[in-house]
Amino acid sequence: EGRSAEADEEDEDDDEDAEEDADEEDERSCRNGLGALVGACMKANPEVFVSHSWPALQSLMEDWLGPNGGEGRRLGLRLARDVCDHLGEQSSAVWPVFMPAVIQALCSQDEDERQVAAAVTCLAARTAAFGAYAPRAFEALAVSLRQFKPKKNSAISQNTLDSIVAALAQLCLAHSSSCPDVEGCWKACFERLPLKVDIGECKRLTRLIFLEVKKPGDTAFGGGRGVAQALGYLCEVYGRSE
């Protein structure tokens with residue numbers, strides 16, 4: 001018995017959908033490959049990258065992180081992370097190209113965007129130059145912690161929360177003077193520390209908190225209550241037998 005015209009049309013639609021999915025996957029792979037290549041160039045020779053490659057990349061990042069960036073937005077955020085990671089303090093000169101979009105992405109509905117944006121913020125906040133962005137970053141991170149809860153049994157979701165908490169803690173350590181509620185922000189951090197997935201970052205932050213507590217005089221914890229919270233956290237971490 002012959003097939004109906006409707007069945008043939010459905011098969012053709014399925015084939016077209018499969019081709020579109022394959023094309024999208026190929027495009028996604030190309031974007032990821034481009035990001036990895038650019039990141040490797042930054043790491044290999046930051047100075048040459050800034051002088052020769054950045055001018056061409058800048059306009060692309062502006063498009064990717066703009067309102068019509070679409071899938072390119074994730075690539076733009078990942079490249080922003082590479083810029084801050086590999087260029088260090090040198091990266092502050094190009095922050096105006098991507099940092100407003102990074103701070104906005106801290107409250108994105110997309111979990112991957114939030115995670116990468118938090119990683120960028122954590123890296124950039126280690127430098128004094130981030131002070132100009134610190135107030136907006138504090139506000140965005142606080143909103144993100146209130147609005148988004150990690151999914152149960154999801155390492156990806158927990159890693160996103162880890163990144164948000166790490167960024168907030170780094171901001172508190174380096175830019176406490178820009179924080180509207182230092183003790184409140186530290187309370188939000190200590191309620192979620194230690195980090196559950198990123199153990200290396202957890203050790204780095206714990207060490208910084210320990211060194212901050214040891215400082216004579218004023219600290220980044222904002223007062224006696226903040227110091228008490230820090231000491232309680234350190235006792236919990238270093239008091240474990242494992």
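Helix axes here are lines fitted to C-alpha atoms over the stretch in contact, with angles running from 0 to 180 degrees between N-to-C directions. With that in hand, the helix packing in this predicted model can be read off. The axes of H7 and H8 come within 9 Å and cross at roughly 145°. The crossing of H7 past H8 is left-handed. On the H7 side, the contact is made by Val165, Leu168, Ala169, Cys172 and Leu173, and on the H8 side by Cys185, Trp186, Ala188 and Cys189. In general, residues three or four places apart on an α-helix point the same way, because there are 3.6 residues a turn.

H8 also has a set of buried residues: Val182, Cys185, Trp186, Ala188, Cys189 and Phe190. H7 is one of the elements covering them, and the cover also includes H6, H9 and helix H10, which spans residues 224-238. Two of the buried H8 side chains turn up again in the aromatic picture, since Trp186 and Phe190 belong to one cluster with Phe221 and Tyr233.

Aromatic pairs come to seven across the structure. Take tryptophan 95 and tyrosine 133: their ring centres are 6.0 Å apart and the planes sit at 75°, so this pair counts as edge-to-face. Tryptophan 95 is in helix H4 (residues 95-105) while tyrosine 133 is in the loop between H5 and H6, so the pair ties together parts 38 residues apart in sequence. Both partners are tucked away from solvent by the numbers: tryptophan 95 counts as buried at 1% relative accessibility, and tyrosine 133 is also buried, at 11%. A ring also takes part in a contact of another kind, where the charged end of arginine 114 sits over phenylalanine 148, 3.8 Å from the ring centre.Arginine 114 appears once more around threonine 160, a residue of helix H7. Leaving aside residues up to four places away in sequence, threonine 160 touches Glu111, Arg114 and Gln115. Threonine 160 is buried, with a relative accessible area of 3%.

On the charged side, the structure holds eleven salt bridges. One of them joins arginine 73 and glutamate 113, with the closest N and O atoms 3.3 Å apart. Arginine 73 belongs to helix H3 (residues 72-87) and glutamate 113 to helix H5 (residues 111-124), so this bridge ties together parts that are 40 residues apart in sequence. Burial is defined here as under 20% relative accessible area. Arginine 73, at 13%, therefore counts as buried. Glutamate 113 is buried too, with a relative accessible area of 10%.

A second salt bridge brings together the side chains of glutamate 201 and arginine 126, at 3.7 Å from N to O. This pair links distant parts of the chain, with glutamate 201 in helix H9 and arginine 126 in the loop between H5 and H6, 75 residues apart. The two ends fall into separate accessibility classes: glutamate 201 is buried at 13%, whereas arginine 126 is partly exposed at 40%.

Glutamate 191 and arginine 192 supply another bridge, again given as 3.7 Å from N to O. Here arginine 192 is partly exposed, with a relative accessible area of 22%. Elsewhere, Arg74, Arg78, Asp110 and Asp112 are joined into one network by salt bridges that share partners.

Two backbone features deserve a quick look. Most residues other than glycine have a negative phi, and most peptide bonds are trans. Asparagine 153 departs from the phi pattern: it is not a glycine, yet its phi is positive, at about 60°. Asparagine 153 lies in the loop between helix H6 (134-147) and helix H7 (155-174). With a relative accessible area of 85%, asparagine 153 is exposed.

The other feature is a cis peptide bond between leucine 193 and proline 194, with omega at about 0°. Proline 194 is placed in the loop that runs between helix H8 (182-190) and helix H9 (199-214).

Terms used: Residues are numbered from 1 along each chain as its sequence is written. This is a predicted model: local features need pLDDT of at least 70, side-chain atom pairs count only at pLDDT 80 or more; totals for chains, interfaces and linings use all residues. Side-chain values use heavy atoms; hydrogens and water are left out. Helices (H or I, at least four residues) and strands (E, at least two) are DSSP runs, numbered from the N terminus. Buried means under 20% relative accessible area, exposed over 50%, partly exposed in between (1.4 Å probe, protein chains only). Contact means heavy atoms within 4.5 Å. A salt bridge is a side-chain nitrogen of Lys or Arg within 4 Å of a carboxyl oxygen of Asp or Glu. Rings of Phe, Tyr and Trp (its six-membered ring) pair if their centres lie within 6.5 Å; planes under 30 degrees apart count as stacked, over 60 as edge-to-face and the rest as tilted. A charge sits over a ring if NZ of Lys or CZ of Arg is within 6 Å of the ring centre and within 35 degrees of the ring normal. A crossing is left-handed if the near helix is turned anticlockwise from the far one by less than a right angle, and right-handed if clockwise.
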